[in-house]
Amino acid sequence: MQEPVNAAPTRATLRANWIAALRSGKYKQCKGKLKVGDSYCCLGVACEVLGIVPVQIDNEWLYESEVAELPTSAFKALGLRDDEVCQRLMTMNDTDGKSFHQIADALENGDYFDRESEEVD
């Protein structure tokens, strides 16, 4: 079903766009921060897909004042289940050495999203 032209995207669309971006090969992967130079962690890719504009202060890139954690607006827009989900994603990206493709697979097959509401707040 096609969304009306002026309708806000659903959470399902935002999630699908994030997963597709992780698989696209467009983004280089980094660890420890949302963005380092021209590289991103998996949560930084989410910020980019959502259109959150990073601001550079000194050598740090910030998304809505966050350097390493997903901004609240992104968390809500994607409908992530809870804070533990963000921690699991950060661990996969930063500690476990999972590729973006592996993280995308986990997002599709795991219990990461709140399924109750598909409309973006």
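**Entry 1: helix 1 against helix 2**

I looked up which residues bring helix 1 and helix 2 together in this predicted model. From helix 1 I noted L14, N17, W18, A21 and L22, and from helix 2 their partners C42, L43, V45, A46 and V49. Sorted by class, the residues of this contact come out as nine nonpolar, one polar and no charged.

Next I took the geometry. Two numbers describe a packed pair of helices: the angle between the axes and the distance between them. For helix 1 (residues 11-23) and helix 2 (residues 42-49) I have an angle of about 125° and axes 9 Å apart. Oblique covers what is left outside the parallel, perpendicular and antiparallel ranges, the last of which begins over 145 degrees. Helix 1 and helix 2 are therefore oblique to each other. I also recorded the handedness: helix 1 passes helix 2 in a right-handed crossing.

**Entry 2: helix 4 against helix 5**

I repeated the lookup for helix 4 and helix 5 (residues 100-109). Their axes cross at roughly 155° and come within 10 Å. The angle therefore makes helix 4 roughly antiparallel to helix 5. I logged this crossing as right-handed. On the helix 4 side the contact is made by L89, M92 and N93; on the helix 5 side, by F100, I103, A106 and L107. I counted six nonpolar residues, one polar and no charged in the contact of helix 4 with helix 5.

**Entry 3: the largest pocket**

I then asked for the volume of the largest pocket and got about 160 Å³. The lining residues I wrote down are E66, E69, L70, P71, T72, F75, D83, C86, Q87 and M90. By class, the lining has five nonpolar, two polar and three charged residues.

Which helix gives the most to this lining? It is helix 4, with four residues. Helix 3 (72-78) and helix 4 (83-94) each supply at least two residues of the lining.

**Entry 4: R115**

Last, I checked R115, which I found in the segment after helix 5. I set its C-alpha against that of A12: the two residues are 103 apart in sequence, and their C-alpha atoms are 9.4 Å apart in space. I then listed the contacts of R115, leaving aside neighbours within four places in sequence, and got R15 and G110.

Key
Residues numbered from 1 in each chain as written. Predicted model: local features only at pLDDT ≥ 70, side-chain atom pairs only at ≥ 80, totals over all residues. Heavy atoms only, no water. Axes fitted to C-alpha atoms, helices over the stretch in contact; angles between N-to-C directions. Parallel < 35°, antiparallel > 145°, perpendicular 65-115°, else oblique. Left-handed = near helix turned anticlockwise from the far one by under 90°. Contact = heavy atoms within 4.5 Å. Nonpolar A, V, L, I, M, F, W, Y, C, P; charged D, E, K, R; others polar. 1 Å grid on protein atoms, 1.4 Å probe; cavity = no way out; pocket = protein on both sides within 12 Å on 5 of 7 lines; lining within 4 Å. Points joined across faces, edges and corners; volume = space filled by probe spheres on them.
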